[in-house]
Amino acid sequence: MSINICDLCYDLVGEACYSSLFIEAGLSATSDYTVHIEDKHEHSYTQDITTDAQGDITLDLTLFPDGMFTAFSGSYIVTVTQVGETAVESIIVDGQDYSCVKLVFQEVN
C-alpha cells in the first residue's frame with residue numbers, strides 16, 4: 001500500500017502496552033475490511049477486521065509481533081481497503097476525509 005507524500009493522513013497517538021487500538025474511521029457499519037500497517041522500514045502488516053455499528057475499527061494488537069508498538073518504534077501509516085481489494089478507502093474523522101492514519105505510540109505512565 002503506497003501512500004503519496006501529499007496525501008492527508010489523520011494523526012493518532014496510541015498508548016504502548018495496550019492489547020487493542022480503537023480508530024474512528026467512518027466506514028460502512030458492520031462491514032469487512034483489511035487494515036494495512038506499514039512501519040518506518042516499509043514492512044507491511046495486515047489484519048482483517050469487521051467495523052462496529054458506527055463504522056469504526058478496533059485492531060487486535062496482540063496479533064502483531066511482540067514489541068512492535070512502543071514509543072520508540074517511530075510512526076506507522078495505516079490504510080484500509082475492502083477485503084481482497086487494493087483501492088484505499090477514505091477514513092472520515094469529524095467530517096474530514098483522510099486517505100490514511102499516521103500512528104505513533106506513547107508510553108503509559
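So, disulfides: how many does a search of the whole structure find? One. Keep in mind that what we have here is a predicted model. A quick reminder before we look closer: a disulfide is a covalent bond between the sulfur atoms of two cysteines.

Which cysteines are joined here? The disulfide connects Cys9 and Cys100, and the S to S distance is 1.7 Å. That pair links distant parts of the chain, since Cys9 sits in strand 1 and Cys100 in strand 9, 91 residues apart. If you turn the model to look along the link, the angle about the S-S bond is -70°, and the link of Cys9 and Cys100 is left-handed.

Now, let's see where those two strands lie. They belong to an open sheet of five strands, in the order 1-9-6-3-4, with mixed pairing. Strand 1, residues 9–15, and strand 4, residues 44–50, are the edge strands, each pairing on one side only. From one strand to the next, the twist averages 30°.

What about the pairing of strand 1 with strand 9? Strand 9 covers residues 100–106, and the two strands run parallel, joined by seven bridges. Within that pairing, Cys9 stands opposite Cys100, and these are the very residues that the disulfide joins.

Last, a look at the surface. Is Cys100 buried or exposed? Cys100 has a relative accessible area of 0%, so it is buried, the cut-off being under 20%. And Cys17, buried or exposed? Cys17 has 72% relative accessibility, and because exposed means over 50%, Cys17 counts as exposed. Do find both of them in the model for yourselves!

Conventions
Residues numbered from 1 in each chain as written. Predicted model: local features only at pLDDT ≥ 70, side-chain atom pairs only at ≥ 80, totals over all residues. Heavy atoms only, no water. Pairing = 2+ DSSP bridges. Helix = DSSP H or I, 4+ residues; strand = E, 2+ residues; numbered from the N terminus. Axes fitted to C-alpha atoms, helices over the stretch in contact; angles between N-to-C directions. Disulfide = S-S within 2.5 Å. Buried < 20%, exposed > 50% of the residue type's maximum accessible area, 1.4 Å probe, protein only.
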